[in-house]
Amino acid sequence: MAGEKILIIEDEVKIARFLELELKYEGYMVEQENDGRSGLERATGGKFDLIILDVMLPSLNGMEVLRRLRQVSETPVIMLTAKDEVTDKVMGLDIGADDYMTKPFAIEELLARIRAVLKRRKPANHKRDIITAGDLKVNLEQHSVCFNKEPVDLTKKEYDLLCYLVQNKNMVLTRDKILETVWGYDYYGDTNVVDVYIRYLRSKIDDRFNTKLIHTVRGVGYIIKDE
């Protein structure tokens, strides 16, 4: 993944500098900001492959930075914070974070999560901007979904889940695997959340278009069949 561009928004100068050195050593291009407002301006004004975003920031906290960023950008974000309350993690993920790490952290783990997030956002074949399953079409470049040419409005998490299912169509995906890939390693909760979001997708696709796209494999997980 060397050469990809990462923005660090972190007010603790020592941590920001440490991250910058480690990421550059790994071959990433790195920029950093030390407060929320300037971080948001840099994030929306530049083209980054990933953003590492602290929560406790001066001038504008990380949650608000993320909320505003998601109105204009789908750049992957890993939240980095000293707060380890479950509600904070859930809030960050619901707003649109791709992963969440609690300080103190092992740099090796953060690097692994960065690789995982970047890999999730880029299909193996970068030329494949459009993936399909039957009459469903997902445009990865435009971040849009349509069924029989009719647009389907999805939340970020619904979109991420659908992309993962379609990219692995005709394969049974376990709830644990879905949870790990779509919600991230340290999501604190049970796999019921997968069932909840599957119901959301079925409501917006299967029910609306009177089709059977997402199949349940009892006791295992889910599969999208390209029929």
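## Where the two domains meet

About 1,200 Å² is buried between domain 1 and domain 2, with carbon and sulfur atoms giving 52% of that area; buried area is the accessible area (1.4 Å probe) that two parts lose on being put together, summed over both. In domain 1, the residues that lose the most area to domain 2 are Glu74, Leu93 and Arg120, together 38% of what that side buries.

A quick word on ground rules: this is a predicted model, where local features need pLDDT of at least 70 and side-chain atom pairs count only at pLDDT 80 or more, while totals for chains, interfaces and linings use all residues. Residues are numbered from 1 along each chain as its sequence is written, and side-chain values use heavy atoms, leaving out hydrogens and water.

**Exercise 1.** Work out how the chain is divided and how far apart the domain centres lie.

*Solution.*
- Start with the bounds: domain 1 covers 5-121 and domain 2 covers 130-224 (they come from an automatic or database domain assignment).
- Then take the C-alpha centres of the two domains, which lie 26 Å apart.

**Exercise 2.** Find how many residues of each domain are in contact.

*Solution.*
- Apply the cut-off: contact means heavy atoms within 4.5 Å.
- Now count: 16 residues of domain 1 touch 13 residues of domain 2.

**Exercise 3.** Track down the salt bridge between the domains.

*Solution.*
- Look for a side-chain nitrogen of Lys or Arg within 4 Å of a carboxyl oxygen of Asp or Glu.
- Between domain 1 and domain 2, the count is one salt bridge.
- Asp98 and Lys156 pair up this way through their side chains, at 3.5 Å from N to O.
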